[in-house]
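Visitor: Could you take me slowly through a single part of this model, the salt bridges, and then show me what else lies around them? I am in my first year, so please connect one step to the next.

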Amino acid sequence: MTQACQVDFYVLARPTQSPGQFVCRLAMMAWEQGHRILVRTENQEEASRLDELMWDYPPGRFLPHGLGGREAAPVAITTRDEAIPEHRNLVINLCTQPVPEPEHLARLCEIVPAEPSQRTASREKFRAYRARGLAPETHDIG
């Protein structure tokens, strides 16, 4: 029997917190733990912005990454329209929709924006994962 996907919701507390910078820190930690990471964005523009940010953040560190899910780099940045390759075991989701078939992943990280008007999608994703039999946990990021 396979272990269920661990689903974590990271709730950003302040509107001044950058979701992109938090994703970079989270991806760095996951990479250092040996995960093969896929970051899902809403569109190509967001993917390109995150790609640029990963070159400089965290300061003084290098996070090997690339655009596209088939990318060989440990961290791949894609859009929601691209399939999640089987060799990726951790997904960081920046999309407003839930990740399809999360049961195939070891870990799923959802970033919840600080802006109250943007949290509705996160609540819906939380309910969607629970409906699939998963047990999401929340973490407040101060």
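Guide: In this predicted model, R61 and E32 form a salt bridge in which the closest N and O atoms are 2.0 Å apart. R61 sits in the loop between α2 and β3 (65-67), whereas E32 belongs to helix α1, so the pair ties together parts that are 29 residues apart in sequence. R61 has a relative accessibility of 40% and therefore counts as partly exposed, and E32, with a relative accessible area of 48%, is partly exposed as well. Both values fall between the limits used here, because buried means under 20% and exposed means over 50%.

This pair belongs to a wider set, since a search of the whole structure finds 6 salt bridges. Another of them joins the side chains of E42 and R80, with 2.8 Å from N to O. Here too distant parts of the chain are linked, for E42 lies in the loop between β2 (37-41) and α2, while R80 lies in the loop between β4 (75-79) and β5 (90-93), 38 residues apart. The two partners do not share one class of accessibility: E42 has a relative accessible area of 16% and is buried, but R80, at 34%, counts as partly exposed.

A further salt bridge is the one between K125 and E110, whose closest N and O atoms are 2.5 Å apart. K125 lies in helix α3 and E110 in strand β6 (residues 107-112), so this pair ties together parts that are 15 residues apart in sequence. In this case K125 is buried, and E110 is buried too.

The loop between α2 and β3, which holds R61, deserves a second look, because P58 is also found in that loop. The peptide bond that leads from Y57 to P58 is cis, and its omega is near 0°. A backbone detail of another kind appears at E101, where phi is near 50°, a positive value in a residue other than glycine. E101 is located in the loop between β5 and β6, and with a relative accessible area of 48% this residue is partly exposed.

The helices named so far also lead to the largest pocket, which holds about 500 Å³ of space. Its lining consists of 24 residues, and P19, E46, L94, P113 and Q118 are the ones that lie nearest the centre of the pocket. At least two lining residues come from each of α1 (19-32), α2 (44-56) and α3 (120-131), and α2 gives the largest share, 4 residues. Sorted by class, the lining is made up of 11 nonpolar, 7 polar and 6 charged residues.

Finally, there are the aromatic rings, for which the count comes to 4 pairs. F9, F126 and Y129 form one aromatic cluster.

To gather the salt bridges together once more, R61 with E32 connects a loop to helix α1, E42 with R80 connects two loops, and K125 with E110 connects helix α3 to strand β6. If you follow these pairs in the structure, you can compare the partly exposed R61 with the buried E42 and the buried K125.

Note on methods
Residues numbered from 1 in each chain as written. Predicted model: local features only at pLDDT ≥ 70, side-chain atom pairs only at ≥ 80, totals over all residues. Heavy atoms only, no water. 1 Å grid on protein atoms, 1.4 Å probe; cavity = no way out; pocket = protein on both sides within 12 Å on 5 of 7 lines; lining within 4 Å. Points joined across faces, edges and corners; volume = space filled by probe spheres on them. Nonpolar A, V, L, I, M, F, W, Y, C, P; charged D, E, K, R; others polar. Salt bridge = Lys/Arg side-chain N within 4 Å of Asp/Glu carboxyl O. Buried < 20%, exposed > 50% of the residue type's maximum accessible area, 1.4 Å probe, protein only. Phe/Tyr/Trp six-rings, centres within 6.5 Å; stacked < 30°, edge-to-face > 60°.
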